[in-house]
Amino acid sequence: MSYEELLHKGLIKRFKTSPGQVKNRMELAKRDIKAAKTMLANDRDWAFSMAYNAILQATRALMFYKGFRPSTGEGQHKVAVQFAEITLGKQFRDEIYIFDKMRSKRHRVIYDVSGIISQKEAYQAFEFAVEFVATVESLVGIVTEGPLVKK
């Protein structure tokens, strides 16, 4: 898969962005990491979902940075995974696999079944989100206020 294939399929669009828009997405990602950390003690499903959302926001920042945005309609989360796979390359194969599995599980948690996330899984999702967001932050070269939090 390539950017051109995603464009041809109508899954992404070219987008003239500003550093402020990229920075805003990174700030949203960090906000979601902080929320995930808070939720670890209270609600594992929401902690997992917030960790996933941090990854999604960081990926959207990466899309903006590269001059793209997702098209409207269904499947935007899957497109984000595909975009991250193209952009980050083969050396991030394991991380993309985790991102995609989290996407699928988050969908179940939000729309189908509650209480399916274990404490260990929520914590692992949080840790993964911290690392993923830090990776994207270094790639886009925009450091937002405040460090990423770790448990």
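**View 1. K105 of helix α5 and its partner E121 in the predicted model.** K105 is partly exposed in this predicted model, its relative accessible area being 22%. Its side chain meets that of E121 in a salt bridge, with a distance of 3.0 Å from N to O. The pair joins distant parts of the chain, since K105 lies in helix α5 and E121 in helix α6 (residues 119–140), 16 residues apart. E121 likewise counts as partly exposed, at 22% relative accessibility.

**View 2. A salt bridge within helix α5, formed by D100 and R103.** The side chains of D100 and R103 are joined in a salt bridge with an N to O distance of 2.8 Å. Both residues belong to helix α5 (residues 93–111), where they stand three residues apart and are therefore separated by about one helical turn. D100 is partly exposed, with a relative accessible area of 26%.

**View 3. The salt bridge of E4 with R14.** Among the five salt bridges that the structure holds is the one between E4 and R14, whose closest N and O atoms are 3.0 Å apart. This pair links distant parts of the chain, with E4 in helix α1 (residues 3–8) and R14 in strand β1 (residues 12–14), ten residues apart. R14 is exposed, because its relative accessible area of 54% lies over the 50% cut-off.

**View 4. Aromatic rings around F68.** A search of the whole structure finds seven aromatic pairs, and F68 takes part in two of the pairs described here. The ring centres of Y3 and F68 are 5.0 Å apart and the ring planes stand at 40°, so this pair is tilted; it links Y3 in helix α1 with F68 in strand β2 (residues 68–70), 65 residues apart along the chain. F68 counts as buried, at 4% relative accessibility. The rings of F68 and F83 have their centres 5.8 Å apart and their planes at 65°, so that pair is edge-to-face, and F83 lies in helix α4 (residues 76–88), 15 residues from F68. F83 is buried, as is F68.

**View 5. An aromatic cluster of Y52, F99, F128 and F132.** These residues, Y52, F99, F128 and F132, together form one aromatic cluster.

**View 6. The packing of helix α2 with helix α3.** The axes of helix α2 (residues 19–39) and helix α3 (residues 44–66) come within 8 Å and cross at roughly 165°, and α2 and α3 are therefore roughly antiparallel to each other. The crossing in which α2 passes α3 is left-handed. Sorted by class, the residues in the contact of α2 with α3 are 17 nonpolar, three polar and five charged.

Note on methods. Residues numbered from 1 in each chain as written. Predicted model: local features only at pLDDT ≥ 70, side-chain atom pairs only at ≥ 80, totals over all residues. Heavy atoms only, no water. Salt bridge = Lys/Arg side-chain N within 4 Å of Asp/Glu carboxyl O. Helix = DSSP H or I, 4+ residues; strand = E, 2+ residues; numbered from the N terminus. Buried < 20%, exposed > 50% of the residue type's maximum accessible area, 1.4 Å probe, protein only. Axes fitted to C-alpha atoms, helices over the stretch in contact; angles between N-to-C directions. Parallel < 35°, antiparallel > 145°, perpendicular 65-115°, else oblique. Left-handed = near helix turned anticlockwise from the far one by under 90°. Nonpolar A, V, L, I, M, F, W, Y, C, P; charged D, E, K, R; others polar. Phe/Tyr/Trp six-rings, centres within 6.5 Å; stacked < 30°, edge-to-face > 60°.
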